[in-house]
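Open your viewer and get ready to select residues by number. This tour tells you what to pick next and what is there.

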Amino acid sequence: MNTRMLDKAAISLLVAVIATAGGNEIYAVAVTFIAFSLSMLTFCTDRRRTVIAASGIYILLCLLEPRFCYGLPVIVYDVARLRNVPLSAAAAAAMLLAFAETDTGMAFLCLVGIVASIVTELKTERLELAEKGLIETRDNSEEINMLLTEKNRNLIRLRDYEVYTAKLKERNRIAREIHDNVGHILTRCLLQMGALLVVTKDEQQRENLESIRQSIDGAMTSIRQSVHDLHDDSIDMGSSVRELIKSLPKHFSASFDYGCGENSPREIKLAFLGIIKEALNNIAKHSSGDRVHISIRENPAFYRLTVVDNGANPTAVNPTPSGGIGLENMRSRTESLGGILRIESSDEGFKVFASIPKSGGYTAD
C-alpha cells in the first residue's frame with residue numbers, strides 16, 4: 001500500500017505539472033485535488049464498487065468538461081488495477097474528446113501521463129506479486145523448518161524410548177539369568193547342606209555346616225530380593241497397559257494417553273497396573289459400551305490415573321466379596337500409597353480415578 005501511495009503522489013505531481021502548463025494555476029490545483037481525492041478512496045475502502053463509482057464519477061466529469069482529462073492519469077491508475085473494461089472504454093472516449101475540443105499539445109501531455117500511469121501500475125503489481133511470492137516462500141520455509149524440528153524431536157523421543165526399552169529388556173534378561181543359574185545352584189547347595197546335616201553326627205561339624213547353610217540361605221535371600229527388584233524396575237508401564245488393553249473384547253475400541261517419566265516408582269507402576277487390570281475386567285464383564293480411554297499422567301505433585309468407558313456398568317461400583325484383586329483391593333492399594341480412588345458408574349459410563357501424591361517418597365529415582 002505504501003508503494004501505491006507513492007505512485008499516486010508522483011502521478012498527481014505529474015498531473016499538476018500538466019494542468020499548470022495550460023496557464024490556469026487555480027484550475028490546475030482544482031483538477032489535481034479532485035482527481036487525487038477521488039483516487040484516494042481506494043485507501044479508505046476495499047470495496048470494489050466504491051472504487052469503480054469514484055473512478056466513473058471523474059471520467060463522467062471528463063466527458064462533460066474535457067479539460068478535466070488533465071487529471072485522468074491518476075484515475076487511470078486505479079482503472080488499470082481493476083482491469084475494468086467499461087471504465088477503460090469511457091476513459092479512452094474522454095481522451096478522444098479532449099483531443100477534439102482542447103489544445104492538442106495539452107491532450108498529448110495528458111496521454112503521456114496516462115501511459116506513464118499504466119506502466120507504473122503494472123510495475124507495482126509485478127513488485128507486489130514478487131513480494132507475495134517471497135512471503136509465501138518464507139512462510140513455507142518456516143513451516144518446513146517447524147515440521148523438520150518436530151520430526152527430529154519425535155526421532156529423539158523414539159530413540160530415547162528404544163534405549164529405555166532395551167535397558168528394561170536387559171534387566172529382565174539379567175534377572176532371568178540370576179534366577180535360572182545362580183538361584184538354582186544355591187538351591188542345590190542348600191539341599192545338599194541339609195542332607196549333610198542329617199547324616200553328620202559330629203557336633204562341631206554340624207555347627208560348621210549349619211553356619212555355611214545359613215550363609216548360603218542369606219545369599220539366596222539376597223539374590224531373590226535382587227531378582228525381584230530388577231524385575232520390578234524393568235516394568236514398562238506403557239507397554240504393560242497396551243498388553244492389558246489386548247484382553248478387552250474385540251468390539252471395544254481403546255485409546256491410551258501416557259505421560260509419565262521413565263523412572264516412575266515401581267510402587268506406582270504396580271498399583272496403577274493392578275487398578276487398570278481390575279477396571280478392564282469389570283468393563284469387559286459388565287459394560288454395555290464399546291469405547292475405553294485410559295490416561296496416566298505425572299504432575300508436579302502427584303500421579304494420576306483415569307479409566308473411562310461409555311457404557312452402563314451398574315455392578316462395577318460394588319466391590320467383589322472375595323478373590324482376585326477386587327475393587328476394594330484397588331482402593332486399599334491406592335490408599336496404602338497415600339492416594340485416593342474414586343469409582344463412578346452411571347448410565348453414561350464407568351469411571352475409575354486414582355491419584356497418588358509424590359510426597360510420600362514415591363518420586364522418580
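Two residues are in contact when heavy atoms lie within 4.5 Å. Keep that in mind for the whole chain: of its contacts with a separation of 6 or more, 71% are between residues 24 or more positions apart. The model you are looking at is predicted.

**The whole chain**

Colour by secondary structure. You should find 10 helices and five strands. The chain has 365 residues, and 35% of them are buried. Now show the surface. Its accessible area comes to about 21,200 Å². Carbon and sulfur atoms account for 59% of that area.

**Helix 6**

Select residues 104-199. This is helix 6, and phenylalanine 108 is part of it. Zoom in on phenylalanine 108. Its relative accessible area is 48%, which lies between the 20% and 50% cut-offs, so it is partly exposed.

Next, add Leu111, Val112, Val115 and Val119. Together with Phe108 they make a nonpolar surface patch of about 400 Å².

Stay in helix 6 and select glutamate 121. Is glutamate 121 buried or exposed? Its relative accessibility is 0%, so it counts as buried, the cut-off being under 20%. What is glutamate 121 in contact with, leaving aside its neighbours within four places in sequence? Show Arg4, Tyr77, Ala80, Arg81 and Arg83: glutamate 121 is in contact with these.

**Salt bridges**

How many salt bridges does the count come to? The count is 10. Visit a few of them.

Begin with aspartate 139 and arginine 138. Their side chains meet in a salt bridge, with N to O at 3.8 Å. Aspartate 139 is partly exposed, at a relative accessible area of 36%. Arginine 138 is partly exposed too, at 47% relative accessibility.

Move on to helix 7, residues 203-233. Select arginine 213 and glutamate 210. Both lie in this helix, three residues apart, about one turn. Their side chains form a salt bridge of 2.9 Å, N to O. Arginine 213 is partly exposed at 25%, and glutamate 210 is partly exposed at 26%.

Now pick glutamate 344 and arginine 342. They form a salt bridge, and their closest N and O atoms are 4.0 Å apart. Glutamate 344 counts as partly exposed at 42% relative accessibility. Arginine 342 counts as partly exposed at 40%.

One more stop on this theme: select Arg83, Glu121 and Glu125. Salt bridges that share partners join these residues into one network. You have met Glu121 already, as a buried residue.

**Rings**

Finish with the aromatic side chains. The structure holds one aromatic pair. Select phenylalanine 256 and tyrosine 258 to see the pair: the ring centres are 5.7 Å apart. Why does the pair count as tilted? The planes meet at 35°, which is neither under 30 degrees (stacked) nor over 60 (edge-to-face), so the pair is tilted. Tyrosine 258 has 27% relative accessibility and counts as partly exposed.

Last, select tyrosine 303 and lysine 358. What lies over the face of tyrosine 303? Lysine 358 does, at 5.1 Å from the ring centre.

Note on methods. Residues numbered from 1 in each chain as written. Predicted model: local features only at pLDDT ≥ 70, side-chain atom pairs only at ≥ 80, totals over all residues. Heavy atoms only, no water. Phe/Tyr/Trp six-rings, centres within 6.5 Å; stacked < 30°, edge-to-face > 60°. Buried < 20%, exposed > 50% of the residue type's maximum accessible area, 1.4 Å probe, protein only. Lys NZ or Arg CZ within 6 Å of the ring centre and 35° of its normal. Patch = residues over 30% accessible without salt bridge, like charges linked within 9 Å, V, L, I, M, F, W, Y side chains within 5 Å. Areas by Shrake-Rupley, 256 points an atom, 1.4 Å probe, with all protein chains shown as cover. Helix = DSSP H or I, 4+ residues; strand = E, 2+ residues; numbered from the N terminus.
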